[in-house]
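Me: Hi! I would like a close look at one part of this structure, explained for someone who spends the day at the bench. Here it is:

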Amino acid sequence: MTDDQKAQQAARTRAKIMDALNRAERALFTRPAPKSPNAQMRFLRKRERGSTKSLAERLGVSRKTVQRYLSGASTKPNKRLQEVLVQETESEWQPQVRAQARQRATTSGGFVISFRSTLGFTANGSSDDTRVRDLSIAVSPSHAALIIAAREQGATDTDLHELVGEAIADAYFRLGGGGRASLKVNFTDVQWLNIEF
C-alpha cells in the first residue's frame, strides 16, 4: 500500500470515527434540531449574538446569502451549504445534553464502540492474529476522555485513529495485562463504526 493510499484510508477512518461520535451525540438529543435552512439560519444567528456578518463568515457565504435565507427569499441551499448548516446546527444544539453525556463518558461510563474492521496482532496462528472482526467493545472512561479531548482539539487523522485503536486494543486484548501490555495491535480497514455513550 502506498503512502497516498494509507493517507486516504486514515482520512476515511477518521471520517467514520467523527461521524460515529456525531451520531452518538445526536441520539441523545431530547428535541430534534432545526431542519429547514431558514430555521437553521435563525438558530445559528442567535448563537452568533444576532450578527449576520459573523454567521456568514462561519458558514463561508456572503452576508447577503444569510439575509436571503433569514427572510425566506432563498429556501434551497446548495449541497455544501446544506451540509455546513446541518453540521453547525447540530454542533450547537442542546449543548448541556452533550456536555452531560461527555462528562459521564469521561468519568464513569466510557463508550461502547461497535465496528467491523481488521483487528489483531501477529500471534503465530492463535485467535489473536490480525483478521476481520465484528465486535462491540466497552472502552474505559479514560480512553473516552482521550478520544473526546482529541476530537475537540482537532486531532489529526492518525492521532484519532490511534486513540480509538488503543482503546479497543486495551479493552479487548490487553485487559488481563500480563505480557500483552506492550503488543502493537493492528486496527485497519474500518468498514463501519458506531459509538454509544
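What percentage of the contacts in the chain with a separation of 6 or more comes from residues 24 or more positions apart? After that, please take me through the sheet.

Reply: Happy to! This is a predicted model, in which local features need pLDDT of at least 70 and side-chain atom pairs count only at pLDDT 80 or more, while totals for chains, interfaces and linings use all residues. Residues are numbered from 1 along each chain as its sequence is written, and side-chain values use heavy atoms, with hydrogens and water left out.

To your question: 65% of those contacts link residues 24 or more positions apart, a contact being heavy atoms within 4.5 Å. The chain has 8 helices and 3 strands; these are DSSP runs numbered from the N terminus, helices being H or I with at least four residues and strands E with at least two. Along the sequence they follow the pattern α-α-α-α-α-α-β-β-α-α-β.

Now to the sheet. The 3 strands form an open sheet in the order β2-β1-β3, with antiparallel pairing; two strands pair if DSSP finds at least two bridges between them. Since β2 and β3 stand at the edges with a single partner strand each, one side of each is left without a neighbour in the sheet. On average, neighbouring strands are turned by 20° against each other, direction ignored. Axes here are lines fitted to C-alpha atoms, for helices over the stretch in contact, and angles run from 0 to 180 degrees between N-to-C directions.

Helix α8 (residues 157-172) packs on this sheet and touches β1, β2 and β3. The direction of α8 makes about 80° with that of β2.

Let's follow β1 (residues 111-120) itself. Of its 10 residues, 8 are buried, meaning under 20% relative accessible area with a 1.4 Å probe, protein chains only. For the chain of 197 residues, the buried share is 40%.

On one pairing, β1 runs antiparallel to β2 (residues 131-139), joined by 9 bridges. Here S117 has R133 as its bridge partner, and R116 stands opposite D134. In a regular strand, side chains alternate between the two faces of the sheet. On the other pairing, 8 bridges connect β1 to β3 (residues 186-196), again antiparallel, and V112 finds its bridge partner in E196.

Note on methods
Buried means under 20% relative accessible area, exposed over 50%, partly exposed in between (1.4 Å probe, protein chains only).
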